[in-house]
Amino acid sequence: HVDRPTLTVPGLVQIRDILAQLEAPIISTLTERINLATDPTLYSNNGKGLLRFLEQHEVISAASGRYDYGKLEYPFTLPPVAPDVSTSRNAFPPSRFHQDSFSGNENITAFYLNTLVPLFTSKSSFYYHLDNSTINHDAVLNLDATLLALLSHRAHIGKIVAETKYASNVTGFTDLIKAQDAAGIRVLVTNTTQESGVLSQASTAAAAFSDAWSKSGALVPGSFASNLQNATAKLFRELIDITTEIEVQYLLQRLR
Ligand SMILES: O=C(O)C(=O)C[C@]1(C(=O)O)C=C[C@@H](O)C=C1
């Protein structure tokens with residue numbers, strides 16, 4: 001992969017801005033999805049139907065370059081991008097992005113199916129059908145696909161968080177990487193003050209979105225605001241954990 005471009009990662013302050021800017025689109029999509037009635041059979045067999053839907057869409061997305069090297073977008077159903085290998089002709093100095101082989105998408109899918117989908121309890125739909133059916137598999141799956149892609153992108157920003165943290169503490173990380181000390185790396189990348197800020201901003205955004213939907217005249221059940229708040233809290237707690245795992249796995253492979 002010598003022909004891969006040399007991509008330099010931004011600093012931590014800028015990357016945290018990028019993470020913060022993804023909160024509104026994520027909670028906006030969650031707001032739409034939580035207001036559609038859900039047929040649970042859509043997610044049976046470990047989400048087989050959802051994954052089949054994703055695969056058809058991801059084939060089209062891949063053709064437009066969505067999952068190319070350095071996009072920080074990773075498909076749920078297609079083969080992963082090959083990892084980088086450092087050689088003397090193709091070196092990876094600190095701050096140069098180094099593709100690893102880990103994907104957090106399996107964790108994201110499991111969380112989505114087991115924790116988030118059960119919170120999609122709306123009985124009504126904003127699609128009006130003359131037969132009074134609230135079922136709209138395609139609209140539901142499209143929002144699932146949009147939301148999953150956003151969650152995956154957000155979590156995989158962890159790869160560049162990891163790179164920039166490595167670049168600012170090369171000696172500290174090198175020994176841990178050589179020892180393949182995942183627990184030690186996890187301690188070094190974790191910042192609980194930052195986590196609290198992320199969670200509180202997500203909570204503020206969820207309140208703003210439920211407010212805006214109600215004030216804009218959308219049809220919402222009485223439990224909408226608290227359901228959205230609850231789903232958002234669970235979602236961002238999990239996103240931070242998966243982002244952290246992606247950071248750790250990235251660093252374990254950083255010196256390859
Ligand atoms: O901002 C960081 O330092 C990150 O590593 C990102 C992030 C997050 O997912 O938002 C993950 C782990 C840290 O404990 C704090 C925040």
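Three helices, α1 (12–21), α9 (192–215) and α10 (224–252), each contribute at least two residues to the shell around the ligand in this predicted model. Helix α10 provides the largest share of that shell, with four residues. In total, 13 residues surround the ligand, and the closest are Thr190, Asn191, Gln194, Ile240 and Thr243. Sorted by class, the shell holds five nonpolar, five polar and three charged residues.

**Confidence and overall form**

The mean pLDDT of the protein is 96, and 99% of its residues reach 70 or more. The model carries an ipTM of 0.99 and a pTM of 0.97.

The secondary structure consists of ten helices and zero strands, so that the order along the sequence reads α-α-α-α-α-α-α-α-α-α. Along the principal axes, the C-alpha atoms of the protein occupy a box of roughly 65 × 40 × 30 Å. The radius of gyration is 20 Å, which agrees with the value near 18 Å that a compact globule of 256 residues would have. Of these 256 residues, 32% count as buried. Among contacts between residues at least 6 apart in sequence, 80% join residues at least 24 apart.

**Nonpolar cores**

In soluble globular proteins, nonpolar side chains tend to be buried together. The largest nonpolar core here has 43 residues, and Ile27, Leu30, Leu239 and Leu251 have the most contacts inside it. The elements that each give two or more residues to this core are α2 (23–34), α4 (105–116), α5 (137–156), α6 (158–167), α7 (170–178), α9 and α10. The largest share, eleven residues, comes from α10. Helix α10 thus supplies the largest share of the ligand shell and also the largest share of this core.

Leaving out residues up to four places away in sequence, Ile27 touches Ala202, Ala205, Ala206, Phe209 and Thr232. A second, separate core of five residues includes Tyr43, Phe53, Leu54 and Phe76.

**Individual residues**

Ile157 is found in the loop between α5 and α6. This residue is buried, because 20 other C-beta atoms lie within 10 Å and the threshold for burial is 20 or more. Apart from neighbours within four places in sequence, Ile157 is in contact with Ile15, Ile18, Leu19 and Leu72. The C-alpha atoms of Ile157 and Val9 are separated by 10 Å, although the two residues are 148 residues apart along the chain.

Two asparagines have a positive phi without being glycine: for Asn46 the angle is near 55 degrees, and for Asn132 it is about 65 degrees. Asn46 belongs to helix α3 (residues 44–63), whereas Asn132 lies in the loop between α4 and α5. Asn46 is exposed, since 12 other C-beta atoms lie within 10 Å and a residue with 12 or fewer counts as exposed. Asn132 has 6 C-beta neighbours inside 10 Å and therefore also counts as exposed.

The table sets out the neighbour counts of these three residues.

| Residue | Other C-beta atoms within 10 Å | Burial class |
|---|---|---|
| Ile157 | 20 C-beta atoms | buried |
| Asn46 | 12 C-beta atoms | exposed |
| Asn132 | 6 C-beta atoms | exposed |

Conventions: Residues are numbered from 1 along each chain as its sequence is written. A residue is near a molecule or strand if its C-beta atom, placed from the backbone, lies within 6 Å of it. Ala, Val, Leu, Ile, Met, Phe, Trp, Tyr, Cys and Pro count as nonpolar, Asp, Glu, Lys and Arg as charged, and the others, Gly among them, as polar. A nonpolar core is a set of buried Ala, Val, Leu, Ile, Met, Phe, Trp, Tyr and Cys residues joined through C-beta atoms within 7 Å. Two residues are in contact if their C-beta atoms, placed from the backbone, lie within 7 Å. The radius of gyration is taken over C-alpha atoms; the globule rule is 2.2 Å times the number of residues to the power 0.38. pLDDT is the predictor's confidence in each residue, from 0 to 100.
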